[in-house]
Amino acid sequence: MPSAFQQSVIDEFRANAGKVGGPFAGSDLLLLTTTGARTGRPHTTPLGHVRDGDRLLVVGSNLGAPHHPDWYHNLLARPTVQVELGEQQFQTLAVPAEGSTHDELFARVVAEAPGYAEYQAATGRVLPVVVLHLPDPQAPAPAITSLAGKLTEVHTWLRGQLAQVHAETEAHFAARAAQRGAGAPPPPGLGLQIRQRCLAFCQALEFHHTSEDGHVFPVMEGYHPHLRPVFDRLREEHRSIAAVQSALAALLAGVAIADPHRFRTELTQMTEQLTAHLDYEEAEILPLLADVPWPPASR
Ligand SMILES: [Fe+2]
Ligand SMILES: [Fe+2]
């Protein structure tokens, strides 16, 4: 729960397109909504930010307190966050910066907002810097008018995220090999960028399959009872993909991906199974959803 003061800042922000007076007059604020790591509930907090090209940097300063703020723990557990910035509102992936990138970005923040150096001096922990990418202004959302279009959109997003995790993982292994060749020690772990993206992917996939099993398939099966074997097969595939997903999620439980080789093996298995599943599902059920309007008509 935000404090009464925080809530008043949030209310003022939303009522005035992101402008807040009082102690925050003239400062760059955003509202970050994370999902509670333990509660699963949304948690909104006003934060100062520094803009760096197409990304926003926020710092887990907690005003120099000895522990990280709750929102930081939340985004490690559930990396997809909601950002309100001025009148804009978007979902994005939250990735804490690491190593020399962290130091570089923290220096960039301090150059614009020197108060963060004081917070850093007040505590023994390293203040995390979290990178939030702004949405691509070149990519207008396509108009979706049918449930088939909606399903395709979700599948396209899932395929894209998985391909990106792959590309980043392979780039990591290539960098390891190059460093080993040069006699330098390989970089540790797999990095938070990969972890955060993969975890967000796993959570979105779980949500998607749960809603297919719980809502979409039962309703469709009512209309097309002769397709029972198709839905049974899709449900079975969900179960076997969930097993791979649990293995992946277990590897992502800590902040660092401890076993990069096992991660890569599980990721390859996930990709094979999921790609076959999405292909089959699209071939069998997309034609049935083409005439179902989306968004659903409100009653
Ligand atoms: Fe599915
Ligand atoms: Fe699906």
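Student: What share of the contacts in the protein chain with a separation of 6 or more comes from residues 24 or more positions apart?

Tutor: In this predicted model, residues 24 or more positions apart account for 71% of those contacts. The chain comprises 8 helices and 7 strands, and 40% of its 299 residues count as buried.

Student: What makes H155, H208, E212 and E281 the protein donors of the iron ion (ligand 2)?

Tutor: A donor is an N, O or S atom within 2.8 Å of the metal. The NE2 atoms of H155 and H208 and the OE atoms of E212 and E281 lie 2.0 to 2.2 Å from the iron ion (ligand 2). These values fall within the cut-off, so the four residues count as donors.

Student: Why is the arrangement around the iron ion (ligand 2) called irregular?

Tutor: The 4 donor atoms subtend angles of 81 to 161°. Four donors count as tetrahedral if all angles lie between 85 and 135 degrees, and the range of 81 to 161° does not satisfy that condition. The arrangement is therefore assigned as irregular. Water is not among the atoms, so a site may look incomplete.

Student: How are the donors of the iron ion (ligand 2) spaced along the chain?

Tutor: They follow the pattern H-x52-H-x3-E-x68-E. Distant parts of the chain are linked by the pair H155, in helix α5 (residues 147-181), and H208, in helix α6 (residues 192-223), which are 53 residues apart.

Student: Which residue coordinates both the iron ion (ligand 2) and the iron ion (ligand 1)?

Tutor: E212 coordinates both ions, which are 3.3 Å apart.

Student: Why is H155 called buried?

Tutor: Buried means under 20% relative accessible area. H155 has a value of 0%, so H155 is buried. H208, at 8%, is likewise under the limit and therefore buried.

Student: How do you know that the span of helix α1 (residues 4-15) agrees with expectation?

Tutor: At 1.5 Å a residue, its 12 residues should span 16 Å. The end C-alpha atoms are 16 Å apart, so the two values agree.

Student: What makes the buried residues of α1 line one face of the helix?

Tutor: The buried residues in α1 are V9, I10 and F13. Seen down the helix axis, they fall within an arc of 100°, and therefore they line one face. An α-helix has 3.6 residues a turn, so residues three or four places apart point the same way. On the other side of α1, A4 and A15 are exposed.

Student: What covers the buried residues of α1?

Tutor: The cover includes β1 (29-35), β2 (42-48) and β5 (80-85).

Methods:
Residues numbered from 1 in each chain as written. Chains lettered and ligands numbered in written order. Predicted model: local features only at pLDDT ≥ 70, side-chain atom pairs only at ≥ 80, totals over all residues. Heavy atoms only, no water. Donors = N, O, S within 2.8 Å, 3.2 Å for Na, K, Ca; no water. Tetrahedral: all angles 85-135°; square planar, octahedral: opposite > 155°, others 65-115°. Helix = DSSP H or I, 4+ residues; strand = E, 2+ residues; numbered from the N terminus. Buried < 20%, exposed > 50% of the residue type's maximum accessible area, 1.4 Å probe, protein only. Expected span 1.5 Å × (residues − 1). Arc of directions from axis to C-beta. Contact = heavy atoms within 4.5 Å.
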